[in-house]
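Hi! Here's the structure I promised to pass on to you. Have a look at it first, and then read on for what turned up in it.

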Amino acid sequence: MHPLRAMALAVLACTVVPAVAFARCEGHVPQPKPQNTFPQDVGRSLDRVLEEGWIEFAIYEDFPPWSYEENGQARGIDVDIGHSIAEALGVEARFRLVQAGETLDADLLNYVWKGAAIGGHVSDVMLHVPYDSEYACRIEQVSFTGQYATETIAIAYDKKDYPEKGPTPPFFRYDTVAVENDSIADFYLTSLLGPVDKIRRYPSTALAMEGLASGETMAAMAPRAELEAAIASHPPASLAVHEPALVGFARGEWTVGVGVNFQHKDLAYAVDDAIAAALADGRIAAFFTSRGLTFEPPAR
């Protein structure tokens, strides 16, 4: 499971609005900052990035349509965004495909602010980092910035089975639905419906969508971009996607941005400026529409 989904489940789905509004980060105890760290463990400053002429982005492997490898090259929306950032800085974009760990905390430690214990190094920027204000208060070693898109949980379905309107989660007490195993959709449906036998679990969203396309299930539930990307790559004409109300789900959407080592605020500001410009002139929206995907602007 990608840690962004685990984070979305743990932080976003369970968000409770307090009865009294407090200042952001009030009550959080400051964490110890890394001490006596080696240069490779803290990344590079903006000045060094500009001087050396390249910037490295950490991106998740096997995560279409966001990031994946094709014919030895990094591809996907996050890769396009990385190139737009590098272009704004006037440097070369380099991409490091990384494995998702058990938690987002672990990924940020390994790829953003400390580096893996054995043979690890941090990248200058990590793309596709979910943003949540409370979480950002807790993980002080990372600057969370550059929000560039909104992810939304959606349901793909076959219009032959649902000719009038798309299904909602209660349908899946009786109708089969495909989900990625241990994903946010899996946890949500299991929590809502209990251990019903209509939830069919697959190793990935792409395979879940293949199950829908082949008629093994009547629907699939996952982040919208992943569902739409699967339809765009081999589109049965009868498949559609919609975003129904999700009963009992506090927030079925979340913002994604970037993470930068907290010691390099100048780089974080420069990256945020580059993303803001790409949002303003429509480039980021075009990365989605060129792939047949829906673009939902981020909260910034």
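**Aromatic rings and a cavity**

Let's start with F95: its relative accessibility is 23%, so F95 counts as partly exposed. Keep in mind as you read that this is a predicted model.

F95 has a partner, F57, and that one is buried, with 0% relative accessibility. In total there are seven aromatic pairs in the structure. In the F57 and F95 pair, the ring centres are 5.5 Å apart and the planes meet at 25°, so this pair is stacked, the cut-off for that being under 30 degrees. The two residues come from distant parts of the chain: F57 belongs to strand β1 (residues 54-60) and F95 to strand β4 (residues 92-98), with their positions 38 residues apart.

Now try Y157 and Y162. Their ring centres are 6.1 Å apart and their planes are at 80°, so they make an edge-to-face pair. Are these two tyrosines buried or exposed? Y157 has a relative accessibility of 10% and counts as buried, and Y162, at 6%, counts as buried too.

W54 is worth zooming in on as well. R44 lies over the face of its ring, 3.6 Å from the ring centre. R94 also has its charged end over the W54 ring, at 4.2 Å from the centre.

Next, find W66, F288 and F295, which together form one aromatic cluster. Two of those names come back in the next bit: W66 and F288 are among the residues that line the largest cavity. The structure has one cavity of 30 Å³ or more, and the volume of the largest is about 70 Å³. The rest of the lining is T150, E151, T152, R224, A225, T294 and E296. Which element gives the most to this lining? That's β6, with three residues. Both β6 (142-158) and α8 (224-233) supply at least two residues each. By type, the lining splits into three nonpolar, three polar and three charged residues.

Last stop: K198, in the loop between α6 (184-193) and β8 (199-202). With a relative accessible area of 23%, K198 is partly exposed. What does K198 touch, apart from its neighbours within four places in sequence? The contacts are F172, R173, Y174, D175, T176 and V177. Take D175 from that list: D175 and K198 are 23 residues apart in sequence, and their C-alpha atoms are 6.1 Å apart in space.

Have fun clicking around!

Key:
Residues numbered from 1 in each chain as written. Predicted model: local features only at pLDDT ≥ 70, side-chain atom pairs only at ≥ 80, totals over all residues. Heavy atoms only, no water. 1 Å grid on protein atoms, 1.4 Å probe; cavity = no way out; pocket = protein on both sides within 12 Å on 5 of 7 lines; lining within 4 Å. Points joined across faces, edges and corners; volume = space filled by probe spheres on them. Helix = DSSP H or I, 4+ residues; strand = E, 2+ residues; numbered from the N terminus. Nonpolar A, V, L, I, M, F, W, Y, C, P; charged D, E, K, R; others polar. Buried < 20%, exposed > 50% of the residue type's maximum accessible area, 1.4 Å probe, protein only. Contact = heavy atoms within 4.5 Å. Phe/Tyr/Trp six-rings, centres within 6.5 Å; stacked < 30°, edge-to-face > 60°. Lys NZ or Arg CZ within 6 Å of the ring centre and 35° of its normal.
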